[in-house]
There are 2 protein chains.
Amino acid sequence: MSDHIVKSYDEDLASLKTMLAKMGGLAEDQLAKALDALTKRDSRLADQIIQNDEKIDALELTIEEKAILTIAKRQPVAHDLRQIMVAIRIASDLERIGDLAKNVAKRTHAIPDALPRKLVAGLNRMGQMSLAQLKQVLDAYGARDAVAAMEVWQHDEDVDALYNSIFRELLTYMMEDPRMISVCTHLLFATKNLERIGDHATNIAENIYYLVHGKTIKDGRPKKDTTSTMIFDAAGKA
Amino acid sequence: MSDHIVKSYDEDLASLKTMLAKMGGLAEDQLAKALDALTKRDSRLADQIIQNDEKIDALELTIEEKAILTIAKRQPVAHDLRQIMVAIRIASDLERIGDLAKNVAKRTHAIPDALPRKLVAGLNRMGQMSLAQLKQVLDAYGARDAVAAMEVWQHDEDVDALYNSIFRELLTYMMEDPRMISVCTHLLFATKNLERIGDHATNIAENIYYLVHGKTIKDGRPKKDTTSTMIFDAAGKA
C-alpha cells in the first residue's frame with residue numbers, strides 16, 4: 001500500500017470502501033431475508049425486502065459518483081485507479097444481486113399455499129449455497145484476499161451443478177402432477193435467480209483477483225449450468 | 001456543445017461514442033439473430049451467436065478502460081463528465097443485453113422439434129418488440145434525443161404487458177398438455193430474457209434523459225411485469 005501525500009485522497013478511498021461494505025452487508029441481508037420470506041411464505045417480510053431494494057440502488061449511484069469524482073479530482077494511476085474501477089464494478093454486481101434477491105422475495109406472493117417439504121429443501125440448499133458464496137466473496141474483498149476469492153470462483157461449479165439438479169427435479173414434479181406447474185414455474189425462476197447471484201459472486205471474485213494481481217484471470221470461469229440446453233422427455237428424464 | 005482546447009480530448013470522446021455505436025450494433029445484431037435461431041431452430045446460427053458474445057464483452061472492457069483513463073487524464077466536469085459516466089453505464093447495459101440474447105440463442109439447443117406455430121407467434125411478437133425498443137433507444141442515444149428516449153421508456157409497459165400474456169399462455173399450454181412442459185419451460189425463460197432486454201433498453205433511455213437534461217427522471221418507471229406474483233389454478237386462469 002502506498003501512502004498518499006494528500007490526506008483527503010485516502011479519505012476518498014476509505015469512504016468508497018466503507019460504502020461498499022455497507023452495500024455488501026445490505027445485499028447479504030436482503031438475500032437471507034428473501035430465502036426466509038419465500039420458504040416460510042411471509043408476505044410482510046417479502047414486502048419489506050421489495051421496499052429495501054431502493055437503498056441498494058441509491059448506494060450504487062452514490063458509489064459510482066464518488067468513484068468518478070475521485071478519479072477526476074485525484075488522477076490516480078496503477079493500483080489506486082484499479083481500486084476505484086473495481087469499486088464501480090463490484091457496486092454494479094451488488095446492485096444486481098439486490099435486484100435478484102428482490103425477485104426471489106416477489107415470488108412469495110405468487111405461492112398461495114405451503115410449499116411441499118421436498119421443494120423447500122432444494123430451494124433452501126440452493127439459497128444457502130449462494131448466500132455462502134456471497135458472504136465469502138465479500139469477506140475476501142474486505143481482506144483483499146485473492147486466494148479466498150479464487151475459492152469462491154472455483155466453487156461456482158457446485159452452485160451450477162446444484163441448480164441443474166433442482167431444475168430437473170422441478171420439471172419432473174411438473175410432469176408428474178400438472179397441478180404443480182404454477183408453483184414449480186415460480187420456483188424455477190427463483191432458483192435461476194439464486195444461480196445468477198452465484199455468477200455475480202464469481203464476477204466479484206474475478207475483480208478481487210484483478211485488484212490484487214493487476215491482471216485478469218486467463219482461463220474462462222467454470223460454467224456448468226447446462227439447463228438452457230437440457231432436453232426432457234415427458235417422463236422428466238434428461 | 002463546448003469546444004475543447006485540447007484536440008485529443010474531443011478525440012477521446014468521439015472514440016468512446018464510436019465504440020458504443022459499434023457495441024450497440026453488435027447487440028442488436030445478436031438479438032435479431034437469436035430470435036431467428038430459436039424460432040427456426042438453427043443450431044449453427046445459435047453457436048455463432050454464443051461465440052460472438054465475447055466480442056461484446058471485450059468491447060465493454062475497452063470502453064470502461066477508455067472512459068476511466070479519459071476521466072483521469074482530462075478531469076472533465078459537468079456535461080463532459082456526464083457523457084463519460086453515461087457511456088460506462090450504457091456499455092454495461094449493452095453487455096447484459098448481449099448476454100440475454102446469448103441465453104435466448106442457447107435455448108435453441110434445448111428444443112429438439114419444430115415449435116408449434118402458436119408458440120412461435122408469441123415469441124416472435126415479444127422478440128420484435130424488444131428489438132424495436134433496442135433500435136429506437138440506440139438511435140436516440142446517437143442523436144442525443146431525449147424525447148425519442150422517453151418514448152422507449154413509456155413503451156416498456158407494452159413490453160411487460162405482452163410478456164404477462166405470453167407467460168399466461170405458456171402456463172396454460174403446460175397445464176393442458178404435460179408433454180409441452182419441457183419446451184414451454186425453455187420458452188418461459190427465453191421470453192423472460194426478452195422482457196429483461198426491454199428493461200435494459202429502458203435503463204439506456206433513462207441515461208439519455210440524464211445526459212441531455214442533467215437530471216434523473218423523478219417518477220418511477222412503469223413496471224407492469226406482474227408474472228412474479230401471478231397465481232394460477234390448474235385450469236391456467238390467473
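How many salt bridges are there between chain B and chain A? I counted two, taking a salt bridge as a side-chain nitrogen of Lys or Arg within 4 Å of a carboxyl oxygen of Asp or Glu.

**Basis.** I worked from a predicted model, in which local features need pLDDT of at least 70 and side-chain atom pairs count only at pLDDT 80 or more, while totals for chains, interfaces and linings use all residues. Residues are numbered from 1 along each chain as its sequence is written, chains are lettered from A and ligands numbered from 1 in the order in which they are written, and side-chain values use heavy atoms, with hydrogens and water left out.

**Symmetry.** I superposed the copies by least squares on the C-alpha atoms of residues with pLDDT of at least 70 in both. Chain B falls on chain A after a rotation of 180 degrees with 0.0 Å of shift along the axis, at an RMSD of 0.0 Å. That is the relation of a two-fold axis. Within chain B, Ala72(B) comes closest to the rotation axis, its C-alpha lying at 2.7 Å.

**Interface.** With contact meaning heavy atoms within 4.5 Å, I found 42 residues from chain B and 43 residues from chain A taking part. The copies meet through the same surface, because 100% of the interface residues of chain B are also interface residues in chain A. The buried area (accessible area, 1.4 Å probe, that two parts lose on being put together, summed over both) is about 3,700 Å², and carbon and sulfur atoms give 66% of it. In chain B, the most area is lost to chain A by Ile68(B), Phe189(B) and Ser228(B), together 15% of what that side buries.

**Charged pairs.** Across the interface, I noted a salt bridge between Arg89(A) and Glu64(B), with the closest N and O atoms 2.6 Å apart. Over all chains the count comes to 26 salt bridges. I also looked up Lys66(A), whose side chain meets that of Asp12(A) in a salt bridge at 3.1 Å, N to O. Lys66(A) lies in helix α2 (residues 43-74) and Asp12(A) in helix α1 (residues 7-40) of chain A, so this pair ties together parts 54 residues apart in sequence. Helices here are DSSP runs (H or I, at least four residues), numbered from the N terminus.

**Aromatic pairs.** I counted five over all chains, pairing rings of Phe, Tyr and Trp (its six-membered ring) with centres within 6.5 Å; planes under 30 degrees apart count as stacked, over 60 as edge-to-face and the rest as tilted. Tyr163(A) and Phe167(A) form a tilted pair, 6.1 Å centre to centre with 55 degrees between the planes.

Conventions. Helix = DSSP H or I, 4+ residues; strand = E, 2+ residues; numbered from the N terminus.
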